[in-house]
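Trainee: Got a minute to go through this one with me? I'd like to talk about confidence, pockets and cores.

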Amino acid sequence: MSEGRVRLKEIIDQFPMDSDHWNEAQNRFQFIDRLLTECLGWEKPDIEVETFDDGGGRSDYKLGRSQAILEAKKEALPWTLLPNSGPKNLYKLRSQTDASPHLKSAVEQVIPYCAFQGAQLAVVCNGPQIAIFLAFGPGKSPLDGFAYIFDGFDTYLREFPLLWSLLSPEGVDEERAQRNLSDRQNIRIPAKASDHIPEPQSFRYRSDLQEELRQLGSFLLEEIEDNPELRPEFYKECYVAIEANNRNLLLSKQAITSRYNRVDTHGSKPAALDYASKSGQIAEQAFVGAGSRPIVVIGDVGVGKSSFFENLFLSIPKDDHSRTLFLTIDLGTSATLTDDIKEHVLTTIPNLLYDNYSVDIEEASFVESIYHRELERFDNSLEGQNKEAEPQSYKLARTRFLLKKTADRPAHIKQSLAHLAQGRNQRVIIVVDNADQRSFEIQQDAFLIAQEFAATRTVHVFVSLRPSTFYLSKMSGALSAYQNKILTISPPPADEVIKRRLTFALRVAEGQAAHGALESIRFNLSSIVLFLRAMLRSVRSNKRIQQFLGNITGGNTKSVIELITGFVGSPNVEAKKIVELEDESGNYLVPYHEFTKHALLGQYRYFNSESSLVACNVFDVHASDSKEHFLKPLIVSYCASNSGSRDNDGFFTGEDIEREMKHHGFDSRQIGQALRTLANKKLIETPYSHYRELNVADDIDPTSFIYRATSVGIYHVRFWVGEFSYLDAVSIDTPIFDQRVRNDLSKWASSFDIAIRLKRAERFRDYLTKIWDEASFRPPYFDFMAVLQVRDDEFNSVRNVVNKYKY
């Protein structure tokens, strides 16, 4: 900066004071080019000149990644500026443009250039005068904002540190001018209607029936999986074979099949793990090529990695059971009280061998068989030669020799496993499961232990990890030193998972399967039986429910089960009505909106950011800009479209997304915050789940990552944003920029009356429609009005109910 100031003074001192005024070309050649490169530090590759845009305009300078547009004007047309009583060099732009037609003309010329090229920062310069302002901002005309204006070369020199901070490459990249000007002109974000509810995050209490259903539903749908008596039958009936091409997912086949392509940092495509469910045979591909390395099984959180291994063991044919030792080391539940994973593993393996297969690696005969060759060498040693002469001394020395062998626990366990595999011809399989639920350091220890066992070449070792934890370890952890065999697990169809779980739960509740497991439960089972029957029938017959459950959980089998378990006994589900109607008709269908209401509200009375595990209020804003209601839907829709430039795996660069959203009038801060929120809530994703699973520091630019839409995000923008249940729920959680609408929603915020809820949702929908029309969004990838039109049948259904009962 100091050197640039010196150079600027040298340039100005060279100007003949009595020279003719420059025209635009001379201004650019004689001064602006030198100001940018010699004084402000811009490199020529970072400047584009004479850039045409889609509106037919041609900008003089484009700085950086379309971060600023500079327009040069004639020196002969100076700006007449009004006196400034505010902060130094900071002016109200409209006042100055009203006073100076030349400045107004320049400002009005550069604004369209910025809009078409996605540059928020506009700069106009006639030589001795330069103005810096925002070409678009939240909720107001650019002319109603502020501008930094430097009036005269002496001002350039005197205030050069400020000019540098605003227009140097570093200042532009850090958006110093945008932040300063935005902070000056943005109005406060209006309150949400929920602020007028005494307890907006209060829970809704269950009735006695709902509480009874909750307890039984939790046992029948979740806890029953852990019952050792029921586990074989449970997995036989409930396990769904891996199926990458999920028929209900709102994703392209390419996006589904390529979900794990980037998991290997060496660029090789991992193999999809398959399981021949019809033949009941272990897929040999899982074992081929592993050699002395553990097999890393990659799958998203909740996709069913543990279930795959559990079913793999239970599906081993009876003829092979006698020769297969399947040892599962669960670091998620069985090792939570210890950080010494090595000690835990060395304790667990002998216990599993003894408890499950009656193999005691400390038993004398077993120890002698393991070290048979070592004992032969011992007999030829000096101590061994006393075998005949001093049998008692020989026996003690032999025992001490074996005790020393077994005292080295790691070596002894490896020797024991090798003996079982080679000496007894048994297949030994070790699964290190749920390592990704522990700290990064423990994950590294777990992998190194698995590597040590696999290096013996006598056992098959599996380590299950999420893509994010595998990526971290591959970049800077234990996996970076190894070339691993990678297998991947894709999610099964959610509707099939639910149907099988409900069917099995119903059979247990009706006493058709393992009824003895319910003997200790003293509840009347008739209600849960009726409720489960109605649920199962509804999921089987309603394609809309199937599509909803499959997409809103994003292929996370665990989330699907949690969602459906929570539905049973949810305080926001009319359980009594469902049970009574099913009892009367025997053919009741639970409507779709009951499932969505639970997904939106969970156990809460009102929608809030914590109420739902799957829903995101895409209309919420982080800046005082009414059109930001549509920023998140636009980003998700863009990431799900064929627009722009995406790679072979369906990812868009953050810079591409930012550039596209700037065309719609959003600034970098709005876009960055929206990307963070969407990634956190799983509406979009990076290859390694940044923000959602991998923490990202606040100073990291969100546009430095690549993103693609998930089925969760696509369901939000294609379905939920137009539905009555969703609009009703999020209406109280959204800042409203129209005072009259805000007053109405605040007045109705706490009501559960269906007529009031209808008025609330319609008022909110009309408000969003008005904002959409005013913003003039016309992207080819998202049409809010079309979504509303398709989903209008739900509003009609609610109107019919209101009119029927004259609410």
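**Confidence, pockets and cores**

Mentor: Sure. This is a predicted model, with a mean pLDDT of 85 for the protein, and 88% of its residues reach 70 or more.

Trainee: Where does pLDDT stay under 50?

Mentor: Over residues 275-283. The model has 19 contacts beyond four places in sequence for that stretch.

Trainee: OK, pockets. How much space lies in the largest pocket?

Mentor: About 1,400 Å³. The lining has 45 residues, and Glu225, Tyr235, Ser306, Ser307 and Asn434 lie nearest the centre.

Trainee: Which element gives the largest share of that lining?

Mentor: α12, with six residues. Elements that each supply at least two residues include α12 (305-314), β10 (324-330) and α14 (341-357). Further along the chain, α21 (494-509) and α24 (557-567) also each supply at least two.

Trainee: And how does the lining of the largest pocket divide into nonpolar, polar and charged?

Mentor: It's 17 nonpolar, 15 polar and 13 charged.

Trainee: Next one down, then. What volume does the second largest pocket have?

Mentor: About 1,100 Å³. Here 41 residues form the lining, and the closest to the centre are Glu574, His593, Lys597, Ile754 and Arg757.

Trainee: What does the lining of the second largest pocket look like by class?

Mentor: There are 20 nonpolar, seven polar and 14 charged residues. The largest share comes from α35, which gives seven residues. Among the others with at least two residues each are α9 (208-221), α26 (592-601) and α33 (754-775).

Trainee: Switching to packing: which residues touch the most other members of the largest nonpolar core?

Mentor: Ile528, Phe531, Phe548, Phe619, Phe630, Met661 and Trp720, out of 132 residues in that core. α33 brings the largest share of this core, ten residues. So α33 turns up twice, since α33 also supplies at least two residues of the second largest pocket's lining.

Trainee: Why would nonpolar side chains be buried together?

Mentor: That's a general tendency of nonpolar side chains in soluble globular proteins.

Trainee: Let's zoom in. What is Phe531 in contact with, leaving aside neighbours within four places in sequence?

Mentor: Phe531 contacts Leu213, Phe567, Val568, Val573, Ala575, Ile578 and Val579.

Trainee: And how many residues are in the second, separate core?

Mentor: That core has 41 residues, including Leu327, Ala421, Val432 and Ile442.

Definitions and conventions:
Residues numbered from 1 in each chain as written. Predicted model: local features only at pLDDT ≥ 70, side-chain atom pairs only at ≥ 80, totals over all residues. Heavy atoms only, no water. 1 Å grid on protein atoms, 1.4 Å probe; cavity = no way out; pocket = protein on both sides within 12 Å on 5 of 7 lines; lining within 4 Å. Points joined across faces, edges and corners; volume = space filled by probe spheres on them. Helix = DSSP H or I, 4+ residues; strand = E, 2+ residues; numbered from the N terminus. Nonpolar A, V, L, I, M, F, W, Y, C, P; charged D, E, K, R; others polar. pLDDT = per-residue confidence, 0-100. Contact = heavy atoms within 4.5 Å. Core = buried A, V, L, I, M, F, W, Y, C linked by side-chain atoms within 4.5 Å. Buried < 20%, exposed > 50% of the residue type's maximum accessible area, 1.4 Å probe, protein only.
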